[in-house]
Amino acid sequence: MSNIVLIGFMGTGKTAVGRTLARRLGRVFIDTDEEIEKSAGITIREIFRRYGQEYFRSLEKEVVNKVSSFDNLVIATGGGVVLEPANVTALKSNGIMILLRCSPEVILKRVDAAGSRPLLAGAKDLKGRIKELLSQREAAYARAADFEVVVEGEDLEAVAVRIIELLKERE
Ligand code: S3P
């Protein structure tokens, strides 16, 4: 069976929804950010700090290629995965891409200001930064997605159930 791949901006709940979805469907869950941290042996924040974004993107690409070679997984991706067209091609080759969407206001509430997300860390105007990145990425998210699910204020179980329904309709 095809992988189920969750894409979307930071703080849209990809990891949490992915775990719930995997549990409900009895599938293995993989989070590409976690895999990157495991293979590098340090946190993503530390990868950015020591080696920069470009190096992070090269690790991300490797992990994406690896996970795309499996099937029947639920995969949560990092928010920037769609910036590399080769990642989208690999993930789509045997995966259904589901875009989780929510407003900048909800994203702002979910991302911590403490800086576990290097691309948002240190922003003076955090909401402005979120909006800026969202608008830069909007086209790439929309192009990559097979489905979109709005996740404003909903509980994770409800989002997972909605995704399962969407997938059933598609069969
Ligand atoms: C990033 C999102 C992060 C992580 C890295 C870069 C991005 O993942 O991959 O900090 O470019 O949007 P989450 O979307 O899980 O926060």
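This report describes the fold, the core and three single residues of a predicted protein model.

## Overall fold

The protein contains eight helices and five strands. Read from the N terminus, the order of these elements is β-α-β-α-α-α-β-α-β-α-α-β-α. The radius of gyration is 15 Å, close to the 16 Å that the globule rule gives for 171 residues, so the protein is as compact as a globular protein of that length. Measuring along the principal axes is another way to describe the extent: the C-alpha trace spans about 45 × 35 × 25 Å.

Many contacts link parts of the chain that are separated in sequence. Among contacts between residues at least 6 apart in sequence, 71% join residues that are at least 24 apart.

## Surface and charge

Of the 171 residues, 49% count as buried. The protein exposes about 8700 Å², and carbon and sulfur atoms supply 51% of this area.

Charged side chains number 26 positive and 25 negative. The centres of the two sets lie 2 Å apart.

## The nonpolar core

The largest nonpolar core has 58 residues. Within this core, Ile7, Ile98 and Ile163 touch the most other members. Helix α7, which covers residues 126–144, gives the core its largest share, seven residues.

Ile98 can be looked at in more detail. Its place is in strand β4, residues 95–101. Is Ile98 buried or exposed? Ile98 has a relative accessibility of 0%, and the cut-off for buried is under 20%, so Ile98 counts as buried. Leaving out residues up to four places away in sequence, Ile98 touches Ile4, Val5, Leu6, Ile7, Phe147, Val149, Ile163 and Leu167. Two of these partners, Ile7 and Ile163, are named with Ile98 as the core residues that touch the most other members. Tyr141 is 43 residues from Ile98 in sequence, and the two C-alpha atoms are 9.6 Å apart in space.

## Helix α3 and its surroundings

Helix α3 runs over residues 44–51. Which of its residues are buried? They are Ile44, Glu46, Ile47 and Phe48. An α-helix has 3.6 residues a turn, so residues three or four places apart point the same way.

The buried residues of α3 pack against two other helices, α2 (32–40) and α4 (53–68). Gly52 comes just after α3 and takes a positive phi of about 90°.

## Asn87, a buried residue in a helix

Asn87 belongs to helix α5, residues 85–93. The relative accessible area of Asn87 is 2%, so this residue is buried.

What does Asn87 contact, apart from its neighbours within four places in sequence? The partners are Glu60, Lys61, Val64 and Val81. Glu60, Lys61 and Val64 have numbers that fall within the range of α4, residues 53–68. Glu62 is 25 residues from Asn87 along the chain, and 9.1 Å separates their C-alpha atoms.

## Asn72, a residue in a loop

Asn72 lies in the loop between α4 and β3, the strand of residues 73–76. Asn72 is not a glycine, yet its phi is positive, at about 70°. Gly52, described above, also has a positive phi.

How exposed is Asn72? With a relative accessible area of 34%, Asn72 is partly exposed. The value falls between the cut-offs, as buried means under 20% and exposed means over 50%.

Notes: Residues numbered from 1 in each chain as written. Predicted model: local features only at pLDDT ≥ 70, side-chain atom pairs only at ≥ 80, totals over all residues. Heavy atoms only, no water. Helix = DSSP H or I, 4+ residues; strand = E, 2+ residues; numbered from the N terminus. Rg over C-alpha atoms; globule rule 2.2 N^0.38 Å. Buried < 20%, exposed > 50% of the residue type's maximum accessible area, 1.4 Å probe, protein only. Contact = heavy atoms within 4.5 Å. Areas by Shrake-Rupley, 256 points an atom, 1.4 Å probe, with all protein chains shown as cover. Lys, Arg positive; Asp, Glu negative; His and termini not counted. Charge placed at Lys NZ, Arg CZ, Asp CG, Glu CD. Core = buried A, V, L, I, M, F, W, Y, C linked by side-chain atoms within 4.5 Å.
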